[in-house]
Amino acid sequence: MDLTNFPNHTSQNTSIFLHNCWDYFNSINQTVNERIQFLDVKGLLWYAEPRSMNNKSNIWIGDDPFNRSIPVFMAQVSITALGTTVMKSVLEPIGVTSFVAQMIAGILMGPSLLGQTDLLKTKIFTYASLYTLETIQYFGSMFFLFLIGVKTDIGMVKKSGKMAFLVGLFSFCLSLVLAMLVAFITVNKYKAHFPEVALESLFYVAGLTSLSSPHVINSFLADLNLLSSQLGRIAVSASMISGGCSLVSVFLVLTLKQSQFSHQFPYNFLATMIGCFAIIIVIIYVIRPIMLWVHKRTAADHKAVEEGYILFIFLTVLVSSLAGECVGQHYLVGPLLLGLVVPPGPPLGAAIEEKLDCFVTAILVPVIVISRACTFKVSDIKHSMKVVVWTMAFFSFFGKLLGTMSPAVYSKMPYQDAIILGLIMSVQGVLDIQIWVQTMNLQLIDRDIYGSLVLLMVALTGSISVIVKFFYDPARKYASYRMKTIQHSKPNAELRILPCVYHKENVPSIVSLLEASNPTTQSPICVYPLHLVQLQGRATPLLIAHKTGDLNDPSEVNDPTARTIINSFKSFAHHNKGIVSVNSFTAISPYNTMHDDICTLSLDKRTSLIIIPFHHQPAIHTKYQSSNAIRRVNTNVLNKAPCSVGILIDKGATGDKSCNATSPPSKVTVIFLGGPDDREALAYGARMGDDISVKLTVIRFMHSDERKQQKSKEERIDNDIVYAFRFQTSGFKNVKYVEQLVKDGVELISCIKGMESSFELLIVGREHGEEASKLLEAFNQWIEFPELGVIGDMLVSSDSKMSGSILVMQQHQQQNKKKENKKNEQSVFT
């Protein structure tokens with residue numbers, strides 16, 4: 001084909017060049033039947049592909065499906081999703097985040113390695129096919145940025161503490177100053193070694209390496225299960241400040257540089273800014289009221305968000321992106337601003353997240369990452385440019401680290417935690433790459449600089465994730481050298497209890513248990529109810545402390561379910577005025593980190609007991625996924641709690657009651673086999689037995705040969721505790737103590753099953769002493785719920801006829817065990 005008169009790409013407007021190409025082919029009346037490649041005068045490689053009117057392929061007639069655009073695109077998406085998933089599963093155990101794993105997979109599948117193979121290079125990831133992938137990437141980026149906006153709670157900026165505000169501000173400013181200083185020195189000292197265009201790009205590199213994003217830090221913390229940790233909450237709040245500074249600076253700089261391409265500068269810049277402000281005004285004063293109306297109407301009706309509303313919002317996302325392009329702004333600005341005005345959390349924010357999250361995260365984000373990682377070849381990057389970019393990035397990283405540590409250390413944060421916080425504030429992710437690509441499209445940086453930035457980001461963020469995973473453990477602060485248990489509490493001290501509530505149906509059984517705990521003027525009870533809510537429609541976890549006082553004033557609570565739960569505990573305190581105090585909390589966090597909220601609150605309030613409802617309650621109908629997630633929360637609490645833990649199982653006795661219609665159990669039974677957990681159960685039961693209206697029965701099961709054997713240290717402690725209990729309750733007519741000898745585990749289980757209907761509340765330890773463990777050893781292989789122990793698991797089985805409640809106790813153990821005998825001298829029985 002004669003290309004001598006082919007038009008040259010000399011115009012800044014690519015669309016004019018493409019139109020000239022179309023006119024050229026029409027003028028010579030020539031159809032493109034095979035791929036034609038050519039270079040224009042600017043050095044850009046262009047392809048003219050044959051157009052196929054039929055995208056269907058049939059391998060049975062010898063057709064190659066990879067000659068069609070649709071099969072190629074499907075193969076690209078499949079390989080992308082598979083490659084990123086495999087890489088994530090390989091690297092996740094060592095702490096590498098999902099984004100870094102996806103980027104590594106993209107670089108490996110790109111032209112740097114696997115992309116050089118004939119299959120990928122000539123069939124799947126061809127130059128022409130990348131245009132289709134790029135188009136889908138644009139579409140995915142729109143909804144990805146919109147989803148980020150939906151999950152972002154702007155109100156967190158107002159709630160940021162002084163330290164978080166200073167950390168966010170200093171980490172951005174100090175990083176930018178140091179990087180700019182290095183860029184200035186490099187430009188003035190090495191003018192002869194680099195082209196002028198490359199030297200000018202260094203100032204933009206300084207700015208790009210100083211950016212941070214709340215979404216990136218949120219995703220990083222979520223992958224490491226640190227969102228609800230102390231450092232995680234500080235990092236999220238600080239990232240809102242630094243991210244806001246980054247977003248404003250990027251918006252102004254890129255808008256200014258884009259406007260300079262026009263001959264009508266600065267009027268074009270002013271027109272673009274006016275157009276952006278017009279979009280913002282429309283979003284705030286037109287779209288936002290509509291969003292709020294939908295949110296309030298759906299919440300008032302207690303129904304799911306209608307599909308028509310969701311469709312309207314998705315169409316608005318497309319329109320906002322189009323409006324941004326029309327006024328000369330980036331197509332992602334509109335969707336991001338639109339997402340920010342969506343009310344976070346249920347029902348609207350949660351509904352949008354449910355519709356988009358899985359598809360965007362699992363399919364579109366890998367496409368975005370792969371398309372960005374396939375645009376450069378590692379071996380083609382100039383070594384000198386890599387050294388300069390990485391040197392500037394190092395000083396930028398050092399600035400972020402120093403800017404984060406300074407206010408943190410000044411606020412009395414430990415040095416190790418301050419360093420970890422600085423590392424977290426230094427991570428970068430997919431939003432940074434989107435900004436780098438836009439900067440490259442505006443020719444502010446070249447492909448070598450972009451490749452250097454990507455490689456450094458993968459290495460730095462990947463290293464930080466591994467360091468944080470292995471050197472920061474939120475459970476470390478839960479370690480205690482004091483026994484925070486009921487047994488070791490002072491007899492006349494205030495008993496502090498933290499009951500957790502997943503559903504409002506948990507309230508009756510918990511309140512009934514609290515009423516049976518025998519609050520008195522000498523030993524009152526302080527209750528810290530914690531309503532646990534799954535994080536949905538927002539990215540930032542919350543811990544809300546509600547006001548005490550008026551029953552009709554549950555502060556900051558709009559959810560009717562939460563209002564009912566809080567008022568139930570306030571009503572309980574009101575009816576026991578003077579001996580019971582209640583301070584209610586609500587924790588909104590993902591299930592993976594919900595135990596951190598529970599343990600942190602328990603540590604701060606110095607509670608002696610955490611009560612968690614069993615995940616499977618016959619009276620409560622929950623989704624299977626939710627039930628399993630709650631079980632994981634309970635298991636994490638058992639493993640990391642800073643005090644004793646009780647798992648409460650409601651077998652239906654209170655499930656049909658309203659939250660306020662509760663009555664304490666009048667028949668309480670304690671099963672004692674020995675060991676720390678059973679001693680804790682006995683201590684709690686003894687407290688209940690001090691109330692003459694409660695009929696307490698303590699049954700101690702002993703092996704028939706146990707009395708003849710020499711007593712171990714643990715058994716002597718058990719005997720001392722039982723003796724102290726019997727001495728303390730010797731004159732109580734409502735307390736009954738029974739010793740029963742059993743010859744094996746079968747007889748033990750039969751005895752327990754025979755008294756299933758003789759109590760309203762049964763208290764038993766999770767684990768038992770050495771002799772009892774031998775009796776029950778044969779039943780360990782049949783346990784369905786290990787968190788309940790052998791006896792607890794047996795009592796909640798489907799063939800159990802018990803209709804009362806069960807409390808399975810686990811006593812808190814010291815991290816550094818000292819002499820148990822000295823601790824026992826301070827127990828409630830002395």
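Colleague: Where does P65 sit, and is P65 buried or exposed, or something in between?

Modeller: Keep in mind that this is a predicted model. P65 falls in the loop that links β2 (45–48) to α2 (69–91). For exposure, look at relative accessibility: P65 has 22%, so it counts as partly exposed, since buried means under 20%.

Colleague: Which separation goes with P65 and K123?

Modeller: For that, compare places along the chain with C-alpha positions. P65 and K123 are 58 residues apart along the chain, and their C-alpha atoms are separated by 9.4 Å. For the chain as a whole, take contacts between residues at least 6 apart in sequence: 80% of them join residues at least 24 apart.

Colleague: How many helices and strands should I expect when I scroll through?

Modeller: There are 28 helices and 15 strands in the chain. Of its 830 residues, 54% count as buried. The accessible surface comes to about 39,000 Å², with 58% of that belonging to carbon and sulfur atoms.

Colleague: What should I look for in the strands, say around β5?

Modeller: A general idea to start with: side chains in a regular strand alternate between the two faces of the sheet. Here, β5 (residues 530–534) pairs with β3 (residues 495–501) in the parallel sense, over two bridges. H531 in β5 stands opposite V501. Strand β5 also runs parallel to β8 (residues 585–589), joined by five bridges. One pair to click on there is L530 with its bridge partner F585 in β8.

Colleague: S644 is a polar residue I'd like to check; is it buried or exposed?

Modeller: Buried, because its relative accessibility is 0%. S644 is found in strand β10 (residues 644–650). A polar atom of the S644 side chain lies 3.1 Å from the backbone nitrogen of H812. Beyond its neighbours within four places in sequence, S644 is in contact with several residues, including K484, T485, I486, E680 and Q810.

Colleague: And the nonpolar packing: how many residues are in the largest core?

Modeller: That core has 120 residues, and those with the most contacts inside it are M103, F146, L221, I352, Y450 and V468. Helix α14 (residues 348–373) gives the most to this core, twelve residues. Try V468 as a worked example: leaving out residues up to four places away in sequence, V468 touches F220, L224, L226, I420 and I424. There's also a second, separate core of 51 residues, with I630, L762, V796 and V808 among them.

Technical notes
Residues numbered from 1 in each chain as written. Predicted model: local features only at pLDDT ≥ 70, side-chain atom pairs only at ≥ 80, totals over all residues. Heavy atoms only, no water. Helix = DSSP H or I, 4+ residues; strand = E, 2+ residues; numbered from the N terminus. Buried < 20%, exposed > 50% of the residue type's maximum accessible area, 1.4 Å probe, protein only. Polar contact = N/O pair within 3.5 Å; in protein donor to acceptor, adjacent residues only side chain to side chain. Contact = heavy atoms within 4.5 Å. Pairing = 2+ DSSP bridges. Core = buried A, V, L, I, M, F, W, Y, C linked by side-chain atoms within 4.5 Å. Areas by Shrake-Rupley, 256 points an atom, 1.4 Å probe, with all protein chains shown as cover.
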